[in-house]
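Here's a quick briefing to read alongside the model. Keep the sequence and the 3D view open as you go.

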Amino acid sequence: MVYTLILLLSVFLTACANNPFRSYKSETDNLIYQVNQGRLKPAITKLSQNKTDIMSHFETGSLYRMDDNYQASTASFNFVSSYINLWLASFHNGKLGAAGDTLQSGLINDKAIDYQVKDYEKVMLSTYLALNNISLKQPDYARIEIKRMYEIEDRIKNYRSVQYAKEQNQLSPKGIPTYQQFQAKSARNYNFAYLNSEAVLQLKNSYENAFSHYLAGFIFESLGENSLARPGYLRAFELNPNNRLIQTSINNLDHGNTSMPGSTNLLVIEEVGHAPQLQSQSFTLPWVQTLNNNTCLIALKFSLPKLVPDNLDHMVSFTLDGKQALTPYFMTDINLMAARYLRDNLPNLFTTNIIRSVRDYTLQGGACNNGVTLADLALAGLGQFLNNADERTWVMLPAQIYVARIKLPRGSHVLTVNNHQTILHLNRTYQIVSFRVMDNQVYFSN
Amino acid sequence: MKIFSIVTIAVALTGCAINSPTVGSGKVSYGDTNAVETVNTDFGSTDLNMVTKQMATQLIGSGKLNQCKTYTVSPIRNKTDQYIDTENITQGIVDKLGNSPQVKSTYVLSGQEMQNQTAELSRQNNSGLYKDKAKIGRMEGAECRIDGFVSDISKDNGQIKNIFYLFNLKLINVEQGSMLWVGEKKISKNMTR
């Protein structure tokens, strides 16, 4: 009977839409390799095979943008955007959804539930949709996405403040370690130090970033809406107070020194590398349990995602018309935002791990109490096998974003990055060009 | 053990399904556009209604606007870090002044509104399609200009958040550059966690 159940369980788990055995890290290793080799189209073809998987839409949205196919990129991003809309409108944004998800992810694992789009991914999605609409010469649609960007920030802010207030009032069940005790006991097994580092803690939160707000400022300025451009620049400056470019943009706006006849105010966006991958890291904590006078040492397995940042790519200078090399200003570090999200979400992951631990405890405790049978071992083994952290994350976001702003005479100009070139045709008062540096590849979008 | 196995499988099967979010179950209703809105301390509809109404009333009551034959309203500047679309405030003031029987001066288009106006004039005169055309060079300039800004001061100690908004509006004689009237509206909003 038990063997049949195990077989059925295994078949159903592997066949379902959200495969609990999926390793997204392995999948994206191959994706990163392809993009680094300049093989965008095969990468897109492979990802596009699974049209219902939200992760493939995240990644193809980025890849299509790198491939200058803004319509397709926008279609992919809109798929994710509608998913976020449903999430925002649904019970997932309330009380019951969170509890239901925690139970499911606790009894199976985090991969079994629908992908929980990370806070910074929601904000960056609107940011990239705005950029796509600028590339498609649809500034009004870009404006809609920018407005959506800061409205989503407000929604996240409200959602998180309620969530954190609830967590603070929660008491751990008797006999179960608190998150703080767990953190202290697991310091050798998991890199809490990086997640609690000064650079991570200096971020206001995991989702507000200077780039999105600076872009908002630029787009509103280009539309002649200075009353909305100024808060964009101001918020960017609050998030990145050492950035002289942002300060200059505020001063120029205040003094009406924004555009000159016959020239183009060009925003150059440099996107470096890819966002950190997540890799499941498992470790065991010994747990002493006494049942019916039998004392057993039970090994409770914990699985947490570990950040695997892009260490290959770095910011590079660029030239315009072969003149002096220009160095853009640092704007946003998505590595740090991902770390901050993980840090803030760890107590929640701890809770699901505890629920899984109780599952394993039940299995192993049964063996402890009644003696070990082959069926007990098999079920316990399945429980251990399911203990894997969710590795899903939007990997094709850049690791860092840098920005430069230059006034150039209208006409054609040559932008050179690492021996890769593109021709810019400047014919409007405000224009944007972006490029992505991935290993030896440079992907331009303008 | 058997019960646990069954529970595990049941949860696995329900857990695997895509969690289709509930759509359309929320209650939607129309609200009173003049009702007091206190969702949070951000600039909201109540502030918009209050500011435009009170600032316009103050200006009309001063009688200074009638010293100008024509006037325009420059875009209200936003000096806060909130994304406040101050065009709503600007247009709110234009509406209140324009619809007031006490205001005898004539509103003329602001610089920001001129793009569509000049495009229309150009279209009528240059397309060769019209018999009766609006003539170029007959628009009236503004004798006076209304200008203003909104700024804020924010404080938050983790328990109480306070935002103080200051709205400032001026009536300026364009030729002389002299100020004919100035008005202020202060709003303080508190939120307790």
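How many bridges join strand β9 of chain A to β10(A), and do they run parallel or antiparallel? The two strands run antiparallel, with five bridges joining them. Bear in mind that you're looking at a predicted model.

**The β9-β10 hairpin**
- β9(A) covers residues 430-438, while β10(A) takes in residues 441-445.
- Together they make a hairpin, with two residues between the strands.
- Asp439(A) sits in that turn and has a positive phi of about 55°.
- If you want one pair to click on, Val437(A) has Val442(A) in β10(A) as its bridge partner.
- β10(A) is mostly covered, as four of its five residues are buried.

**The sheet around it**
- The hairpin strands belong to an open sheet of five strands in chain A, ordered β5-β6-β1-β9-β10, and the pairing is mixed.
- β5 (329-333) and β10 of chain A are the edge strands, each pairing on one side only.
- From one strand to the next, the twist averages 25°.
- Further in, β1(A) (residues 263-272) and β6(A) (residues 400-409) pair in the antiparallel sense over ten bridges.
- Along that pairing, look for Leu266(A), which stands opposite Ile406(A) in β6(A).

**A buried arginine in helix α8**
- Away from the sheet topic, Arg160(A) is found in helix α8 of chain A, which spans residues 139-169.
- Arg160(A) counts as buried because its relative accessible area is 10%, and the cut-off for buried is under 20%.
- Setting aside neighbours within four places in sequence, Arg160(A) is in contact with Asp119(A) and Tyr341(A).

How values were computed:
Residues numbered from 1 in each chain as written. Chains lettered and ligands numbered in written order. Predicted model: local features only at pLDDT ≥ 70, side-chain atom pairs only at ≥ 80, totals over all residues. Heavy atoms only, no water. Buried < 20%, exposed > 50% of the residue type's maximum accessible area, 1.4 Å probe, protein only. Contact = heavy atoms within 4.5 Å. Pairing = 2+ DSSP bridges. Axes fitted to C-alpha atoms, helices over the stretch in contact; angles between N-to-C directions.
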